[in-house]
Amino acid sequence: KLYPPCSTRAGQALGVARAPTAAIMRSLLIAATFLCGGAIAQGTSKLYPPGWNKEATKPPMGWRSWNAFGNRIDEKTFEAAVDAITARVWNEPKVSLADAGYVRVGIDEGWENCSGTDPAGGMRQHDEAGFPLINVERFPDMKRLVAYGHSKGVKMGWYLNGCACGEAKERLPNYRGDVQRLAEFGFDAVKIDGCGAATNMTFYAQLMAQTNKTYEIENCHWGVCGADRKFHNPDGASCPTEGWCPFNHFRTSGDINAGPMSWFANLQTTVRFLDASAPLSRPSCWAYPDMLEVGRVQGASFAWQRAHFGAWCVVSAPLVLGLDLTDTANLASVVPIVTNPEAIAVNQQWAGHPGRLVAQFDPPAAPPAAPAPAVRRRAFSAGEASAGEGRPAGEAALPSAAKAKVQVWAKPQPKGTVAVYVVNPAASGNAARVSVGFEALGLAATSASVRDLWARQEAGHTKGATLTVEVAPLDSAFLLLTPAAA
């Protein structure tokens, strides 16, 4: 085990298969000094508190490739995504997705070359010096691709410690090689998955800090607190503490998928990080229930796709699109959702809390529904996966539409206003009518004006320090309450 790797047999303990070169030994000594210094235990390091790198002060917005393409990607995938996200063809006056805030494009699984010389020794997707091996048939010039994104004003993200090669032995040179290439290629962000053995998030942060550049860092360790699930690295936790967050957003769940209830299940995994008085999700350290499936939810109406987007907005989750941006007909069908400026403003604004679950109600009784079709899964094979398959999925606690409750969520907004999101996940039946007191919503008033954020228009007033909302099955309400002047 390499945490801390304090064996006197440095070459063996640090995962070097043969006699290391002088350059490798220098990097190993630096790494060993850091890791043996006692600063790596999750929750005890004071070097990387929330906000340490000043990245992601607002929830990041962008697009990433996995949901739409799985590992079937090449550089043209991302050139097309950059072009699509910056094309001013939507709404009136014409704007781009980037104009709406989606200024990031992220490369996910599929760029790796798994032909390393020592697969069992941590060199399946890295060379001896620790540098990542790239599939140059798919990505002949990574630096040029990043520069192309930058030329269009797009921030570019990479993906490390992936599942395709799944290196099962931790090698400290691999951390260093990953970060060196991250800097050399000019990337602005990185997603660090949990399939390989390089799960030490503190060490990654320390190496990135030495590059004299900051990166937006996603911890994709599937919501497992404490030591990571596969390699038991104490710094592999997916979860921050009050004083430790060497990343900028952290996965609260397994992988989302396009099933009709998957996003609702993933939403529930944020609750433990949204404590009313001491939330662990906060600026530069956001809870993240995975990429958006808006535009991909199977059989979903416009209203249910919209409900998914509103859920991510009200809990301050990063808004990372996952649909194929080059499918313009499908994209056009959800552009009114994902470019809604009032919903996005709720997500982006900070007034002391990221948003929380306020109340739950049983939906109105409905006739028994036919069971939803099972989502097919199979094991992730080396170098191959279908989109949405293979990595830990969030279905373990996935609620059926028949059992899920109507939920009320709230997030404070500037000037004493409160955003309220009500979702009815019942597949059929009557509209749910729910009432919630202002005090539970965090609204200091006895009456308030109501704005409908979906319709983007005023919706009257509510009195008696109570909000009553009626929501149809598979739909949501998204409201902004403004206290009435005394």
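Good morning. I shall begin with helix 4, residues 75-86, which lies across strand 1 (61-64), strand 2 (104-106) and strand 3 (155-160). Against strand 2, helix 4 runs at about 160 degrees. Please bear in mind throughout that this is a predicted model.

Let us turn to the sheet. It is an open sheet of 8 strands, in the order 7-6-5-4-3-2-1-8, and the pairing is parallel. Strand 7 (286-288) and strand 8 (319-321) stand at the edges; each has a single partner strand, so one side of each is left without a neighbour in the sheet. On average, and ignoring direction, neighbouring strands are turned by 25 degrees against each other. As one example of the pairing, strand 5 (residues 216-220) and strand 6 (residues 249-251) run parallel and are joined by 2 bridges. Glu-218 has His-249 in strand 6 as its bridge partner. In general terms, strands of a sheet pair through backbone hydrogen bonds.

Next, the loop between strand 5 and strand 6. Lys-230 is found there. Is Lys-230 buried or partly exposed? Its relative accessibility is 42%, and Lys-230 therefore counts as partly exposed. Leaving aside neighbours within four places in sequence, Lys-230 is in contact with Gly-194, Cys-195 and Trp-222. The C-alpha atom of Lys-230 is separated by 9.1 Å from that of Ala-168, although the two residues are 62 residues apart along the chain.

I now come to the interior. Which residues have the most contacts inside the largest nonpolar core? They are Trp-263 and Phe-309, in a core of 94 residues. Helix 9 (residues 302-314) gives the largest share of this core, 7 residues. Not counting residues up to four places away in sequence, Trp-263 touches Ile-256, Val-297, Trp-304, Ala-307, His-308, Ala-311, Trp-312, Tyr-421 and Val-423. Apart from this core lies another, of 22 residues, which include Val-358, Ala-432, Val-434 and Val-450.

Finally, the cavities. The count comes to 4 cavities of 30 Å³ or more, and the largest cavity holds about 150 Å³ of space. Its lining consists of 18 residues, and those closest to the centre are Arg-64, Arg-104, Ala-189, Glu-216 and Val-320. Two or more lining residues come from each of strand 1, strand 2, strand 3, strand 4 (189-193) and strand 5. Which element gives the largest share of this lining? Strand 1 does, with 4 residues. Strand 1 is also one of the strands that helix 4 lies across, which returns us to the starting point. Thank you.

Definitions and conventions
Residues are numbered from 1 along each chain as its sequence is written. This is a predicted model: local features need pLDDT of at least 70, side-chain atom pairs count only at pLDDT 80 or more; totals for chains, interfaces and linings use all residues. Side-chain values use heavy atoms; hydrogens and water are left out. Two strands pair if DSSP finds at least two bridges between them. Axes are lines fitted to C-alpha atoms, for helices over the stretch in contact, and angles run from 0 to 180 degrees between N-to-C directions. Contact means heavy atoms within 4.5 Å. A nonpolar core is a set of buried Ala, Val, Leu, Ile, Met, Phe, Trp, Tyr and Cys residues joined through side-chain atoms within 4.5 Å. Buried means under 20% relative accessible area, exposed over 50%, partly exposed in between (1.4 Å probe, protein chains only). On a 1 Å grid over the protein atoms alone, a cavity is a set of points where a 1.4 Å probe fits but cannot get out, and a pocket is an open set with protein on both sides within 12 Å along at least five of seven lines; lining residues have an atom within 4 Å of a point. Grid points are joined across faces, edges and corners, and a volume is the space filled by probe spheres set on the points.
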